[in-house]
Amino acid sequence: MATATQAVRLEDNVTRFVSQTRKMLINGKWVEAASGKTFPTYNPATGEILAQVAEGDREDINRAVAAARAAFESGPWSKMTPSERGRLIWKLADLIEKHTEEFAQIESLDNGKPLTIARIADVPGTVDMFRYMAGWATKIEGNTIPISAFGAKYLAYTLREPVGVVGQIIPWNFPLMMASWKLGPALAAGCCVVLKPAEQTPLSALRLGELIQEAGIPDGVVNVVPGYGETAGAALAAHPDVDKVAFTGSTEVGKLIVQAAAGNLKKVSLELGGKSPDIVFQDADLPATVPGVSSAIFFNHGQCCCAGSRLYVEEKAFDKVVEGVSAEASKIHLGPGLDPATEMGPLVSEEQLKRVTGYLEAGFKEGAKATVGGSRHGDKGYFVKPTVLVNTNQKMKVVQEEIFGPVVTAIPFRDVDDLIAKANNTVYGLAAGVWTKDITKAHQVASKLRAGTVWINTYNIFDPALPFGGYKQSGWGREMGHEVLELYTEVKSVCLPIS
Ligand code: NAI
Ligand code: MG
């Protein structure tokens, strides 16, 4: 539990970073909020205030959008060659890599995740994303197109141009990595950005802002405005001079973004919630499947949009798999993120603690039973025990709604038809897992699942080259891969008669 001492010495830069009030980055300057207000960010392992941060609001968003517009229309960014842009993005990746330990510590302190995970997942994933996108800067191409209009001869071609000024609103579950998923493709495409990190975890994006300057990315190209969603976020989504908004977060707020964007019909991309089925057939390789299924839900404390939160097991294997996953859950060591022994840290905030324990209570009220966990862990910090719920059915709130915590519901299925009906019985469609040795069956099931990603005999595999996004209410558009460039570019058709 959270009693172990923190064995890790904080990097000097981390101590510096959290000991001063953090300002926001607008037009290459670190400035206070126009209102002069600040807000606290907390250490979720203790509930104590970690740092004070300038609280951005409408006026700050206005300033940041004006800076991004100027950098886009007339600044050095628009005049830079793709090759120069790519080199700057690559340089940023190098700088982040050089500061891996520092970023991992900031992320662990602000979000609560284990430092050991931030070191091997969050920071290297961020570096990889910027490197992959740096390569795209020189490869965004149009086509030449043979057209037949009026039987004449034309030279017709398309250009892919940057969409313009982009507002990016990101969540707190992978604060630094989500910044890279958004900034990487926007910068590769030649856009200018106003980034609003989540109010729970603004620190790593602000440190990233310093490295963006150090890399030599020109002033105004990336502006970082921390603040609350209802104020700064809403102002950015509604801003009439923003050409596109990219959002990751709850489906509820995704719908608000769509409404806010309607004013100037800005382009919208959304990466929203999930309630992903993780499916185990009785012929699965159980010694590999059980830990796989367990990490599919418990990785990042279940705070993943793609968490394998609905476990479906073929009837005959149900008891064995549930027993195995429960045993895995009971072995997970909870503690503060900075303790090297910690395997699962606290949830990000008191709000999330209340939300997740509220779901557990609602589940128990409807008849669910916990084979392991089922409650808060300790009374300090925002820890929740890894939990497996049985006696659940499709109608229950815990099976239908995204919990975003270390809670998995387990339900048996009879055959593939029964399984598909249950697995697709959700408003979400982000991801799914299938565990079986029968490859034909695996592909048949994959083709029937209404989900943007299907992992077979694995889970949570992400790569900058592999598109990710949701069917149904899990979102609009695909991030990563070459698909994401469509979100940040406009296509222009050009045509002239040549006969
Ligand atoms: P949220 O959707 O409220 O927050 C995500 C981002 O949106 C933050 O930067 C926030 O400041 C901003 N935001 C909030 N309201 C806004 C508004 N009206 N206009 C513009 N921006 C706004 O998510 P929250 O409240 O932190 O978590 C609630 C639930 O959302 C979680 O329990 C989980 O189910 C889901 N969620 C899903 C995520 C994902 O990766 N798909 C990430 C975070 C939360
Ligand atoms: Mg919210």
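# Exercises on a predicted protein model

Arg207 makes contact (heavy atoms within 4.5 Å) with Asn13, Arg16, Phe17, His99, Glu102, Phe103 and Ile106, leaving out residues up to four places away in sequence. Before we go on, a word about the model: it is predicted, so local features need pLDDT of at least 70 and side-chain atom pairs count only at pLDDT 80 or more, while totals for chains, interfaces and linings use all residues. Residues are numbered from 1 along each chain as its sequence is written, chains are lettered from A and ligands numbered from 1 in the order in which they are written, and side-chain values use heavy atoms, without hydrogens and water.

## Exercise 1: Arg207 in its surroundings

Find the helix that holds Arg207, and decide whether Arg207 is buried or exposed.

Solution.
- Step 1: Arg207 sits in helix α8, residues 203-215. Helices are DSSP runs of H or I with at least four residues, strands are runs of E with at least two, and both are numbered from the N terminus.
- Step 2: The relative accessible area of Arg207 is 5%, so Arg207 is buried. Buried means under 20% relative accessible area, exposed means over 50%, and partly exposed lies in between (1.4 Å probe, protein chains only).
- Step 3: Now try a distance. Gly47 is 160 residues from Arg207 along the chain, and their C-alpha atoms are separated by 22 Å.

## Exercise 2: The whole chain

How many helices and strands does the protein chain have, and why does it count as compact as a globular protein of its length?

Solution.
- Step 1: Counting gives 17 helices and 19 strands.
- Step 2: The radius of gyration is 23 Å, close to the 23 Å from the globule rule for 499 residues, so the chain is as compact as a globular protein of that length. This radius is taken over C-alpha atoms, and the rule is 2.2 Å times the number of residues to the power 0.38.
- Step 3: The C-alpha trace spans about 70 × 65 × 40 Å along its principal axes.
- Step 4: Of the 499 residues, 57% count as buried.
- Step 5: Take the contacts with a separation of 6 or more: residues 24 or more positions apart account for 74% of them.

## Exercise 3: The two sides of a helix

Which residues of helix α16 are buried, and which are exposed on the other side?

Solution.
- Step 1: In α16 (residues 439-448), the buried residues are Lys441, Ala442 and Val445.
- Step 2: Looking down the axis of α16, these buried residues fall within an arc of 105 degrees, so they line one face of the helix. The arc is that of the directions from the helix axis to the C-beta atoms.
- Step 3: A general rule helps here. An α-helix has 3.6 residues a turn, so residues three or four places apart point the same way.
- Step 4: Thr440 and Ser447 are exposed on the other side of α16.
- Step 5: The cover over the buried residues of α16 includes β11 (277-280), α15 (416-423), β16 (431-435) and β17 (453-456).

## Exercise 4: Far in sequence

How many residues apart in sequence are Ala71 and Cys192, and what is their C-alpha distance?

Solution.
- Step 1: Locate Ala71 in helix α2, residues 58-73.
- Step 2: Ala71 has 4% relative accessibility and so counts as buried.
- Step 3: Ala71 and Cys192 are 121 residues apart in sequence, and 6.9 Å apart in space from C-alpha to C-alpha.
- Step 4: Apart from residues up to four places away in sequence, Ala71 touches Trp77, Ser78, Cys192, Asp219, Gly220 and Val221.
- Step 5: Set this beside Val407 in strand β15 (residues 407-413). Val407 and Ile420 are 13 residues apart in sequence and 22 Å apart in space, C-alpha to C-alpha.

## Exercise 5: Two positive phi values

Where do Asn27 and Leu265 lie, and what are their phi values?

Solution.
- Step 1: Start with the general pattern: most residues other than glycine have a negative phi.
- Step 2: Asn27 has a positive phi, near 55 degrees, and is found in the loop between β1 (24-26) and β2 (29-31).
- Step 3: With a relative accessible area of 37%, Asn27 is partly exposed.
- Step 4: Leu265 also has a positive phi, near 50 degrees, and lies in the loop between α10 and β10 (267-271).
- Step 5: The relative accessible area of Leu265 is 68%, so Leu265 is exposed.
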